[in-house]
Amino acid sequence: MSRNKSNILNGADSSSIDIAVRALQRDLLVAIPTETVYGLAARASSPSAVKKIFVVKGRPIGHPLILHVANKQDLSLWSQELSNNARLLAEKYWPGPLTIIVKRNDKVCDEITGGRDTVAIRCPNHPVATELLIRLTDAIVAPSANHFGKVSPTSARHVAEDFGDEISVILDGGECSIGVESTIIDCTTEPPQILRAGAISADQIKRECNITIASATGDSRASGMLDKHYAPNCTVELVDDRKDADVRLNQLNGDGRSSEIIDFGDDLQMFAHELYARLRDADKRLIDVVITVKPPMSGIGIAINERLEKAANSNRSRE
Ligand code: TXA
Ligand code: MG
């Protein structure tokens with residue numbers, strides 16, 4: 001864990017967590033590690049702290065935020081009319097990389113939900129985030145700690161590179177173990193709908209909980225799900241296999257465009273863990289094109305493909 005930037009504090013030190021808690025109590029923003037990606041946190045009970053997130057991230061107002069809680073029992077503190085599915089999913093997968101959308105109660109301010117009557121809640125599985133939440137005795141809201149539409153951070157250094165001193169404290173909890181954002185399931189519909197793929201797949205939920213999850217349609221789908229997102233500066237091209245990647249690399253190099261291949265074969269965990277760091281690194285080295293071999297569409301591979309499609313879409317909209 002690094003200490004080379006003044007606002008990066010080692011999350012393993014108890015005193016660092018105290019500093020972060022005091023900053024949150026003063027309505028400042030703190031970057032925190034989670035098992036998925038780093039989050040940019042504000043105290044959930046302070047509308048003015050929540051508003052700062054939109055300014056610092058450059059995020060459009062009305063794009064709703066995820067509430068993060070210390071333990072699974074806290075689901076009912078912020079919600080009402082909980083469905084059996086919501087209860088079962090929290091019981092099975094919390095703490096962990098699953099965000100559940102439920103009907104909100106009066107404790108949740110409009111700034112968090114963009115005025116919707118639903119709220120997205122998750123209980124992160126990271127010792128630093130958990131300790132922070134326990135000491136704060138409040139929930140936090142935390143979008144990924146990157147500028148709006150850009151690649152999410154999976155290390156404290158990534159956050160520092162994006163925001164520098166704009167954030168008072170960055171808690172360093174090491175590299176995120178998973179590396180892509182949480183699965184989002186809307187449990188206000190019957191059947192529940194998957195709004196964003198993540199480490200926990202719809203197939204897994206069917207297998208382990210016997211709950212059928214549908215694809216997103218209608219209002220849920222429209223809620224902040226943009227086709228252009230996760231956009232590095234380099235162009236991202238997707239290919240089906242390594243042979244196609246090698247052919248394309250030769251073509252691009254022949255045209256004088258700097259390019260490289262991302263290919264993790266069938267190692268989906270490694271792919272998820274490394275993807276954002278690799279895209280950020282390609283940008284630092286001013287690579288023109290990253291050719292990515294698509295992973296298989298199973299498990300977390302679905303989430304990786306979803307992110308890659310959006311990164312590739314961002315290129316097209318720039319052309
Ligand atoms: O893994 C994660 O979920 C990370 C870490 C930091 O916890 N957080 C994260 O937050 O990815 P963010 O803000 O980058 O993405 C939140 C997504 C947005 O796409 C938003 O539209 C959706 O959650 N969302 C939040 N509240 C919602 C609601 N009430 N209805 C529908 N979608 C909602
Ligand atoms: Mg994000």
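## Close-up views of the predicted model

**View 1. Strand β1 and the surroundings of Ile8.** Ile8 is buried, with a relative accessible area of 2%, and its place is in strand β1, which spans residues 8-10. The structure shown here and in the views that follow is a predicted model. Although Ile8 and Ser168 are 160 residues apart along the chain, their C-alpha atoms are separated by 8.9 Å. The assignment of Ile8 as buried follows because its relative accessible area of 2% falls under the 20% limit used for that class.

**View 2. The shell of residues around ligand 1.** Around ligand 1 there are 26 residues, of which Thr36, His68, Arg122, Ser182 and Arg196 come nearest. By residue class, the shell divides into 12 nonpolar, 9 polar and 5 charged residues. Three strands, β4 (66-68), β7 (118-122) and β11 (193-196), each supply at least two residues of this shell, and β7 gives the most to it, with 3 residues.

**View 3. Polar side-chain atoms beside the oxygen atoms of ligand 1.** For Thr36, a polar side-chain atom lies 2.7 Å from an oxygen atom of ligand 1. For Arg59, the corresponding distance from a polar side-chain atom to an oxygen atom of ligand 1 is 2.9 Å, and for Ser144 a distance of 3.2 Å separates a polar side-chain atom from an oxygen atom of the ligand. On its own, ligand 1 has 690 Å² of accessible area, and the protein covers 96% of it.

**View 4. Thr34 and its polar partners.** Thr34 is found in the loop between β2 and β3, where, at 2% relative accessibility, Thr34 counts as buried. The side chain of Thr34 is joined to that of Thr36 by a polar contact of 2.9 Å, and a polar contact of 3.0 Å joins the side chains of Thr34 and Arg122. Both partners of Thr34 in this view, Thr36 and Arg122, are also among the residues that come nearest to ligand 1.

**View 5. Arg43 and its two acidic partners.** The side chain of Arg43 meets that of Asp27 in a salt bridge, with an N to O distance of 3.2 Å. This pair links distant parts of the chain, since Arg43 belongs to strand β3 (residues 39-43) and Asp27 to the loop between α1 (14-25) and β2 (30-32), the two being 16 residues apart. Asp27 is buried, with a relative accessible area of 16%. Arg43 also meets Asp138 in a salt bridge between side chains, here at 3.7 Å from N to O. Because Arg43 lies in strand β3 and Asp138 in the loop between α5 (127-136) and β8 (140-141), this second pair ties together parts that are 95 residues apart in sequence. Asp138, with a relative accessible area of 14%, is likewise buried.

**View 6. Other salt bridges of the structure.** The structure holds 19 salt bridges, among them the one between Asp281 and Arg285, in which the closest N and O atoms are 3.1 Å apart. Asp281 is partly exposed, with a relative accessible area of 33%, and Arg285, with a relative accessible area of 43%, is partly exposed as well. Elsewhere, Asp18, Glu131 and Arg135 are linked in a network of salt bridges.

**View 7. The largest nonpolar core.** This core has 49 residues, and those with the most contacts inside it are Leu89 and Ile112. The elements that give two or more residues to the core are the strands β3, β6 (98-104) and β7, together with the helices α2 (47-57), α3 (84-93), α6 (156-163) and α7 (202-209). Among the contributing elements, α2 provides the largest share, 5 residues. In soluble globular proteins, nonpolar side chains tend to be buried together. Strand β7 thus appears in two of these views, as a contributor to the core and as the element that gives the most to the shell around ligand 1.

**View 8. Pro127 in helix α5.** Pro127 is found in helix α5 and, at 64% relative accessibility, counts as exposed. The C-alpha atoms of Pro127 and Gly173 are separated by 8.4 Å, while the two residues are 46 residues apart along the chain.

Key: Residues are numbered from 1 along each chain as its sequence is written. Chains are lettered from A and ligands numbered from 1 in the order in which they are written. This is a predicted model: local features need pLDDT of at least 70, side-chain atom pairs count only at pLDDT 80 or more; totals for chains, interfaces and linings use all residues. Side-chain values use heavy atoms; hydrogens and water are left out. A residue is near a molecule or strand if one of its heavy atoms lies within 4 Å of it. A polar contact is a pair of N or O atoms within 3.5 Å; within protein, one must be able to donate a hydrogen and the other to accept it, and residues adjacent in sequence count only if both atoms are side-chain atoms. Accessible areas come from the Shrake-Rupley method with a 1.4 Å probe; for residues, only the protein chains shown count as cover. Helices (H or I, at least four residues) and strands (E, at least two) are DSSP runs, numbered from the N terminus. Ala, Val, Leu, Ile, Met, Phe, Trp, Tyr, Cys and Pro count as nonpolar, Asp, Glu, Lys and Arg as charged, and the others, Gly among them, as polar. A salt bridge is a side-chain nitrogen of Lys or Arg within 4 Å of a carboxyl oxygen of Asp or Glu. Buried means under 20% relative accessible area, exposed over 50%, partly exposed in between (1.4 Å probe, protein chains only). A nonpolar core is a set of buried Ala, Val, Leu, Ile, Met, Phe, Trp, Tyr and Cys residues joined through side-chain atoms within 4.5 Å.
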